[in-house]
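Grab your viewer and work through these short exercises. Each one sets a task and then walks through a solution.

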Amino acid sequence: MGPGGRLPSDAASRWELYRLLADPVRPRLLALAAAEELGVGELSELLREGQPKISRHAAALRDAGLLLARKQGTWTLLRLSPGAATDPVVADAVRAGTAACEADGAMERIGEVIAGRDAATREFFARGGRPSRSGPPLELGAYLAAFAPLLAHRALAVDVGTGDGALLEVLSPLFDRVIAVDRAEAQLALAEERIRRRELANVELVQGEYDAPALRDVVASRAADAGGADVVFAARVLHHAPKPARAMAALSDLARPQGGAVCVLDYEAHDDQALCEQEADLWQGFDPETLRRLAVDAGLSDVTIRRLPRAWQGDGPDRHLVWQLLVGRRSEGTTRTAEMDKRTR
């Protein structure tokens with residue numbers, strides 16, 4: 001095929017084109033390739049010709065620029081070259097081939113051939129597919145990355161009390177940047193290994209107390225003009241806090257003024273003293289109204305609290321407790337921990 005997708009117009013080339021299309025199989029092959037991109041084996045089935053024969057005809061048509069081929073694994077898929085049918089001889093061949101394929105039912109069978117492509121897939125899943133496993137899928141990050149563009153504010157998240165970094169596998173795909181905070185060096189070492197293994201390149205580890213002014217400065221500096229994080233997470237942290245009210249205020253202070261969100265995951269009040277001793281918990285959970293009051297006093301508005309299904313609670317020693325999730329938004333720019341410090345001097 002010449003420049004601009006045109007076939008050569010000299011007499012010798014035209015004669016070669018007529019000769020190329022004289023075999024009755026080739027116009028039919030062109031017609032099917034014009035209707036659908038098809039594999040050599042599929043064309044062989046539709047034309048009821050041997051696959052080697054179809055391959056030879058397809059090679060001649062490809063050499064002439066009338067067909068384009070695309071490799072897909074072990075498949076070679078063929079389609080009519082763009083612009084080929086603008087040549088009147090080729091257009092006439094495609095029309096003749098279409099009429100012949102309609103007459104012998106080949107054109108109608110294209111749908112059946114396409115449907116047969118996933119026969120092996122259907123059989124695989126009919127047998128049950130891959131072995132099932134409980135818990136979040138290992139490809140969770142890929143799914144979360146697909147949801148990320150749907151979030152209005154996802155520049156920065158803070159994971160307070162990150163521990164071994166389990167929550168980072170959820171936050172990293174969703175947010176542009178994540179700060180993970182923990183005061184224990186041993187816990188941060190575990191989180192660092194998770195970050196390396198799971199390739200969570202946008203996570204920054206910070207060792208320190210969540211209510212320290214230094215942490216607020218770090219978060220503010222990473223948040224550019226926002227002044228704080230879009231979302232602050234504290235997963236099963238509050239029941240370890242010596243002063244839960246101060247802890248909630250510190251979480252609020254890390255969120256950006258005017259709308260930064262705070263998410264607190266913790267237990268409802270319970271009577272499992274043995275678990276508290278085993279896990280070094282200071283508090284046996286919080287009743288929802290107490291948790292709500294802590295949030296409101298910390299400057300959070302639009303506070304919601306919901307119980308979580310037990311199936312979401314993992315297989316740890318606390319799985320028998322009632323878990324609750326509080327979400328609130330920082331409603332103004334006051335630094336609550338600074339206020340508390342002034343009142344207690």
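Before the hairpin comes up, one definition: strands are DSSP runs of E at least two residues long, numbered from the N terminus, and two of them pair if DSSP finds at least two bridges between them. Keep in mind that this is a predicted model.

**Exercise 1. Describe how strand 2 and strand 3 are paired, and what sits in the turn.**

Step 1: locate the strands. Strand 2 covers residues 67-72 and strand 3 covers residues 75-80.
Step 2: get the sense of the pairing. The two run antiparallel, with six bridges; one bridge puts Leu-67 across from Leu-80.
Step 3: look at the connection. Two residues separate the strands, giving a hairpin, and Gly-73 in the turn has a positive phi of about 65°.

**Exercise 2. Follow the chain from strand 5 to strand 6 and give the handedness of the crossover.**

Step 1: check the pairing. Strand 5 (residues 177-182) and strand 6 (residues 203-207) are parallel and share five bridges. Asp-182 faces Gln-207 of strand 6.
Step 2: trace the link. Between these strands the chain passes through helix 10 (residues 185-198), and the resulting β-α-β crossover is right-handed.

**Exercise 3. Find the largest nonpolar core and see what builds it.**

Step 1: size it up. This core has 33 residues, and Val-158, Val-232 and Met-248 have the most contacts inside it.
Step 2: see who contributes. Elements giving two or more residues include strand 4 (156-160), strand 7 (231-235) and helix 14 (288-297). Helix 12 supplies the largest share, six residues.
Step 3: zoom in on Val-158. Beyond its neighbours within four places in sequence, its contacts include Ile-179, Val-219, Phe-233 and Leu-254.
Step 4: look elsewhere. There's a second, separate core of 31 residues, with Leu-30, Ala-33, Val-40 and Val-94 among them.

**Exercise 4. Decide whether Val-327 is buried, partly exposed or exposed.**

Step 1: place the residue. Val-327 belongs to strand 10 (residues 323-330).
Step 2: apply the cut-offs. Buried means under 20% and exposed over 50%; Val-327 has a relative accessible area of 26%, so it's partly exposed.
Step 3: list the company. Skipping residues up to four places away in sequence, Val-327 touches Val-262, Cys-263, Asp-302, Val-303 and Thr-304.

**Exercise 5. Classify Cys-101 and Cys-276, then count the disulfides.**

Step 1: use the under-20% cut-off for buried. Cys-101 comes out at 0%, so it's buried. Cys-276 has 3%, so it's buried too.
Step 2: search for disulfides. The whole structure has zero.

Definitions and conventions: Residues are numbered from 1 along each chain as its sequence is written. This is a predicted model: local features need pLDDT of at least 70, side-chain atom pairs count only at pLDDT 80 or more; totals for chains, interfaces and linings use all residues. Side-chain values use heavy atoms; hydrogens and water are left out. Helices (H or I, at least four residues) and strands (E, at least two) are DSSP runs, numbered from the N terminus. A crossover is right-handed if, with the strands pointing away from the viewer, the path from the first strand over the helix to the second runs clockwise. A disulfide is a pair of cysteine sulfur atoms within 2.5 Å. Buried means under 20% relative accessible area, exposed over 50%, partly exposed in between (1.4 Å probe, protein chains only). A nonpolar core is a set of buried Ala, Val, Leu, Ile, Met, Phe, Trp, Tyr and Cys residues joined through side-chain atoms within 4.5 Å. Contact means heavy atoms within 4.5 Å.
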